[in-house]
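User: Could you take a close look at one part of this model for me, the way two of its helices pack, and then go on to the enclosed spaces? A connected walk-through would be great.

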Amino acid sequence: MILKDRVIIVTGGSGLIGREIIADVTRKGGIALNADIAVATDLTKNTVAVDISDETSVQNAIDMVIEKWGRIDGLVNNAYPRTKDWGVFFEDIPLDSWRKNVDYQLNSCFVFCQKVLKIMAEQKIGAIVNIGSTYGIVGNDFTLYEEYGGTSPAAYSAIKGGIINFTRYLASYYGRKGIRVNCVSPGGIFDNQHPSFVSRYEAKVPMGRMGRPDDIAPAVSFLLSDEAKYIIGQNVVVDGGWTII
Ligand SMILES: NC(=O)c1ccc[n+]([C@@H]2O[C@H](COP(=O)([O-])OP(=O)(O)OC[C@H]3O[C@@H](n4cnc5c(N)ncnc54)[C@H](O)[C@@H]3O)[C@@H](O)[C@H]2O)c1
């Protein structure tokens with residue numbers, strides 16, 4: 001029960017990884033609030049409708065949480081908004097699309113962090129976990145996509161690299177204020193991707209399999225908890241070894 005009674009907002013809590021973060025935080029005693037664009041607000045069910053790319057919507061969601069619970073002990077920036085043309089080949093990315101994705105995924109992280117950190121600074125306690133990615137650390141292996149003519153979104157590398165280093169900025173800035181900010185960077189999570197992608201991925205990654213949401217969630221819970229009380233600004237990589245070779 002390392003998160004007993006902690007009030008923790010998880011953005012994108014209805015998604016592949018978010019669902020498992022919600023379950024893990026709850027199992028460990030926390031009050032996990034699913035802040036997602038795909039839910040209706042129902043505080044009896046711990047769901048808060050929010051569009052993380054809309055500053056007013058984020059403020060409303062935070063206000064609702066404060067009104068009911070009076071504090072925010074943890075925030076997990078996990079939601080994953082993207083444009084419809086996300087994942088087109090580099091040469092074909094319109095500037096407007098690039099801008100929108102940076103706005104949806106990176107700028108929204110800034111907005112949520114800034115608003116929640118204001119509250120955490122008053123509380124003099126709190127923990128934030130930003131969700132990065134191995135593709136914020138290393139370059140892409142494009143051979144994974146060769147057999148079926150796919151690719152990987154260029155903006156993702158810029159956004160996730162940005163989130164990982166922004167985490168260090170926040171950790172250093174808030175270190176003396178009793179607030180800890182860290183990052184968890186998952187490797188590829190199995191989600192019925194193209195079979196050739198999966199087999200090439202598995203052939204390369206040292207642990208021989210793609211990740212699962214339940215590989216990721218315990219690392220997030222750990223960083224939210226007092227077990228990690230002297231850990232700030234770290235990027236905990238949960239990738240079965242993808243980035244070690
Ligand atoms: N799946 C992977 O292989 C993988 C690997 C590395 C990192 N990640 C990261 O993990 C995080 C979660 O990814 P996932 O695969 O679970 O994504 P997902 O698409 O399964 O879920 C994303 C969730 O975000 C919600 N969402 C979308 N737009 C929103 C908005 N504007 N406001 C609020 N909520 C919104 C969706 O409703 C959904 O519930 C992301 O940050 C992603 O970059 C995923």
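Analyst: In this predicted model, helix α2 passes helix α3 in a right-handed crossing. On the α2 side, the contact is made by Glu 55, Val 58, Gln 59, Ile 62 and Ile 66, and these meet Val 111, Phe 112, Lys 115, Val 116 and Ile 119 of α3. Sorted by class, this contact holds seven nonpolar residues, one polar residue and two charged ones. As for the geometry, α2 spans residues 55-69 and α3 spans residues 95-123, and the two pack at an angle of about 30 degrees with their axes 10 Å apart. Angles under 35 degrees count as roughly parallel, so α2 and α3 are roughly parallel to each other.

Now for the cavities, where α3 turns up again. There are two cavities of 30 Å³ or more. The largest has a volume of about 110 Å³. Its lining has 13 residues, and Ile 52, Asn 77, Ala 79, Gln 105 and Cys 109 lie nearest the centre. Helix α3 gives the most to this lining, with four residues, while α3 and α4 (154-174) each supply at least two. By class, the lining of the largest cavity divides into seven nonpolar, five polar and one charged.

The second largest cavity holds about 70 Å³ of space. Among the residues lining this second cavity are Trp 86, Ile 93, Trp 98, Asn 101 and Pro 153. Two or more lining residues come from each of α3 and α4 here, and α3 gives the most, with three. This lining has seven nonpolar, four polar and one charged residues.

Key: Residues numbered from 1 in each chain as written. Predicted model: local features only at pLDDT ≥ 70, side-chain atom pairs only at ≥ 80, totals over all residues. Heavy atoms only, no water. Axes fitted to C-alpha atoms, helices over the stretch in contact; angles between N-to-C directions. Parallel < 35°, antiparallel > 145°, perpendicular 65-115°, else oblique. Left-handed = near helix turned anticlockwise from the far one by under 90°. Contact = heavy atoms within 4.5 Å. Nonpolar A, V, L, I, M, F, W, Y, C, P; charged D, E, K, R; others polar. 1 Å grid on protein atoms, 1.4 Å probe; cavity = no way out; pocket = protein on both sides within 12 Å on 5 of 7 lines; lining within 4 Å. Points joined across faces, edges and corners; volume = space filled by probe spheres on them.
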